[in-house]
Each structure stands twice: as C-alpha cells, then as structure tokens.
Amino acid sequence: MKKIQRSTIVPLLLVVYLAVMSYIGYPEYEAGRMSALYYFGIIIVTLGIIIALRFLLKKRERLRKERDDDIKNNSKSL
C-alpha cells in the first residue's frame, strides 16, 4: 500500500476545514451582515493559499526525494 503524501493530506484537511467554516459563516452572509465580496473573497483567497501550499509541499517532497536518491547513488559508488 502506498503511503499518502503530506502534500495531499495537509491541503485536503485545510479544504475540509474551509468548507466547515464557510458553512458556519453562511447564515451571516445570508442574513446580510456580511457582503458577498467579503464572504466569497475570503473563500477564494484561502483556496489560493491552499493551492500554493500544495505546490510548495510537492516541490519540497520532490527535492527531498532527489537528495535521497543522490545520497544513495553516491554511497553505492564509493
């Protein structure tokens, strides 16, 4: 079984958290105490940050794997 990577788990948990918080805040928006720009703007900005985090974590995992592969290859050649 393949291990689920951190670059998948962390953003997924954050998206679930965002969905729950959006659901909790929706009655405020619906009642008119919060503008559509503010409510949806926060959601969009947060999704952008989560997507950026996903790409950064993916890059970090790739670099770590390359470094580990280099260490393995160099130890074999010695």
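Is Y29 buried, partly exposed or exposed, and what is its relative accessible area? Y29 is partly exposed, with a relative accessible area of 22%; here buried means under 20%, exposed over 50% and partly exposed in between, with a 1.4 Å probe and protein chains only. The legends below start with the whole chain and then come back to this tyrosine.

**Figure 1. Overview of the predicted model, with two helices and zero strands.** This is a predicted model, in which local features need pLDDT of at least 70, side-chain atom pairs count only at pLDDT 80 or more, and totals for chains, interfaces and linings use all residues. Residues are numbered from 1 along each chain as its sequence is written, and side-chain values use heavy atoms, leaving out hydrogens and water. Helices (H or I, at least four residues) and strands (E, at least two) are DSSP runs, numbered from the N terminus. The C-alpha atoms fill a box of roughly 70 × 25 × 10 Å along the principal axes. The radius of gyration is 20 Å, whereas a compact globule of 78 residues would have one near 12 Å; the value is taken over C-alpha atoms, and the globule rule is 2.2 Å times the number of residues to the power 0.38. Buried residues make up 13% of the 78 residues. The protein exposes about 6,800 Å², with carbon and sulfur atoms supplying 67% of it; accessible areas come from the Shrake-Rupley method with a 1.4 Å probe, and for residues only the protein chains shown count as cover. Of the contacts (heavy atoms within 4.5 Å) between residues at least 6 apart in sequence, 66% join residues at least 24 apart.

**Figure 2. Close-up of the aromatic cluster formed by Y26, Y29, Y39 and F40.** Ring pairs link these four residues. Rings of Phe, Tyr and Trp (its six-membered ring) pair if their centres lie within 6.5 Å; planes under 30 degrees apart count as stacked, over 60 as edge-to-face and the rest as tilted. The count by this rule is five aromatic pairs. One of them joins Y26 and Y29, a tilted pair with 5.7 Å centre to centre and 55° between the planes. Both residues lie in helix α1 (residues 6–30), three residues apart, about one turn of the helix. Y26 is partly exposed at 36% relative accessible area, and Y29 is partly exposed at 22%. The rings of Y29 and Y39 have centres 5.0 Å apart and planes at 10°, so this pair is stacked. It links distant parts of the chain, with Y29 in helix α1 and Y39 in helix α2 (residues 36–77), 10 residues apart.

**Figure 3. Close-up of the surroundings of Y39, a residue of helix α2.** What is the relative accessible area of Y39? The value is 9%, so Y39 is buried. Leaving aside neighbours within four places in sequence, Y39 is in contact with S22, Y23, G25, Y26, Y29 and M34. I51 makes a handy landmark for a wider view: Y39 and I51 are 12 residues apart in sequence and 19 Å apart in space, C-alpha to C-alpha.

**Figure 4. Close-up of the salt bridge between E28 and R33.** Side chains of opposite charge can pair when their charged atoms come close. A salt bridge is a side-chain nitrogen of Lys or Arg within 4 Å of a carboxyl oxygen of Asp or Glu, and the count by this rule is three. For E28 and R33, the closest N and O atoms are 3.0 Å apart. E28 is partly exposed at 33% relative accessibility, whereas R33 is exposed at 60%.

**Figure 5. Close-up of two salt bridges in helix α2, R62 with E66 and D69 with K65.** The side chains of R62 and E66 meet at 3.2 Å, N to O. These two residues are four apart in helix α2, about one turn of the helix. Both count as partly exposed, R62 at 42% relative accessibility and E66 at 38%. In the bridge between D69 and K65, the closest N and O atoms are 3.1 Å apart. Because D69 and K65 are four residues apart in helix α2, about one helical turn separates them. D69 is partly exposed at 30% relative accessibility, while K65 is exposed, with a relative accessible area of 54%.
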